[in-house]
Amino acid sequence: MEEFINTIIKNLESNGFPHKRVALPLEKMYEIADQKELNFNKVLEELSQKGISHTKQGDRIIFSQETMPNFEHLAEMMNGKDPDELMKMAQEMMAKMSPEQQEEIKNRVMNMDPKERESLMNKAKDMGIA
């Protein structure tokens with residue numbers, strides 16, 4: 001799987017990634033993964049772990065650099081920081097995001113397990129930022 005992921009990353013980089021969003025044919029990506037006996041959804045999960053997000057639009061899959069760390073790392077980032085500093089960091093991150101990326105973050109939060117979402121919100125409240 002790692003070889004296929006590296007090939008995708010090289011392809012993205014040759015098309016201007018990470019500075020540009022790069023679209024690839026969705027069906028073809030699934031077909032190539034299938035030929036290699038890989039689950040493309042698992043490949044997408046691995047890419048996400050590497051900070052590469054994606055959006056499926058019609059017959060294309062659009063890859064972009066994640067501007068916000070995975071939620072698993074959010075608590076670690078927040079640990080020990082001043083709430084005002086965290087709010088400033090969040091505002092700066094949001095300002096750099098495209099509307100699609102902002103929508104993706106919103107969807108990720110809304111699709112979290114309710115207990116995970118509650119835990120995240122409680123941590124934010126404890127820090128005085130929610």
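**Warm-up.** In which loop is Pro 18 found?

Pro 18 is in the loop between α1 and β1. Helices here are DSSP runs of H or I with at least four residues, strands are runs of E with at least two, and both are numbered from the N terminus. Now look at the bond just before this proline: Phe 17 and Pro 18 are joined by a cis peptide bond, with omega at about 10°. Most peptide bonds are trans, and most residues other than glycine have a negative phi.

Before going on, a word on what you're looking at. This is a predicted model, numbered from 1 along each chain as its sequence is written. Local features need pLDDT of at least 70, side-chain atom pairs count only at pLDDT 80 or more, totals for chains, interfaces and linings use all residues, and side-chain values use heavy atoms, with hydrogens and water left out.

**Exercise 1. Sketch the overall layout of the chain.**

Step 1: count the elements. There are seven helices and three strands.

Step 2: put them in order. Along the sequence the pattern reads α-β-α-α-β-β-α-α-α-α.

Step 3: check burial. Of the 130 residues in the protein chain, 32% are buried. Buried means under 20% relative accessible area, exposed means over 50%, and partly exposed is in between (1.4 Å probe, protein chains only).

Step 4: see how far contacts reach. A contact means heavy atoms within 4.5 Å. Take the contacts between residues at least 6 apart in sequence: 62% of them join residues at least 24 apart.

**Exercise 2. Find the residue with an odd backbone angle between α2 and α3.**

Step 1: scan the loop between α2 and α3, where Glu 37 lies.

Step 2: read its phi. Glu 37 isn't a glycine, yet its phi is positive, at about 60°.

Step 3: check its surroundings. Glu 37 has a relative accessible area of 74%, so it counts as exposed.

**Exercise 3. Work out what makes up the largest nonpolar core.**

Step 1: fix the term. A nonpolar core is a set of buried Ala, Val, Leu, Ile, Met, Phe, Trp, Tyr and Cys residues joined through side-chain atoms within 4.5 Å.

Step 2: list the hubs. The largest core has 19 residues, and those with the most contacts inside it are Phe 4, Ile 8, Leu 12, Phe 40, Leu 47, Ile 61 and Phe 63.

Step 3: assign elements. Two or more residues come from each of α1 (2-14), β1 (22-25), α2 (26-35), α3 (40-49) and β3. The top contributor is α1, with five residues.

Step 4: zoom in on Phe 40. With a relative accessible area of 2%, Phe 40 is buried. Beyond four places in sequence, its contacts include Phe 4, Ile 8, Leu 26, Ile 61 and Phe 63.

**Exercise 4. Locate the aromatic pair and classify it.**

Step 1: search everything. The whole structure yields one aromatic pair. Rings of Phe, Tyr and Trp (its six-membered ring) pair if their centres lie within 6.5 Å; planes under 30 degrees apart are stacked, over 60 edge-to-face, and the rest tilted.

Step 2: apply the geometry. The ring centres of Tyr 30 and Phe 40 are 4.9 Å apart and the planes are at 70°, so this pair is edge-to-face.

Step 3: place the partners. Tyr 30 sits in helix α2 and Phe 40 in helix α3, so the pair ties together parts 10 residues apart in sequence. Tyr 30 is partly exposed at 30% relative accessible area.

**Exercise 5. Trace what Leu 26 reaches across the fold.**

Step 1: Leu 26 is in helix α2 and is buried, with a relative accessible area of 13%.

Step 2: leaving aside neighbours within four places, Leu 26 is in contact with Phe 40, Lys 56, Gly 58, Asp 59, Arg 60 and Ile 61.

Step 3: take Gly 58 as the example. It is 32 residues from Leu 26 in sequence, but C-alpha to C-alpha the two are 8.2 Å apart.

**Exercise 6. Examine Ser 53 and Ser 64.**

Step 1: Ser 53 is in strand β2 (residues 52-57), while Ser 64 is in strand β3.

Step 2: Ser 53 is buried at 3% relative accessibility, and Ser 64 is buried at 8%.

Step 3: Ser 53 touches Ser 64, along with residues including Ile 62 and Glu 104. Among the other contacts of Ser 64 are Phe 17, Arg 21 and Gln 101.
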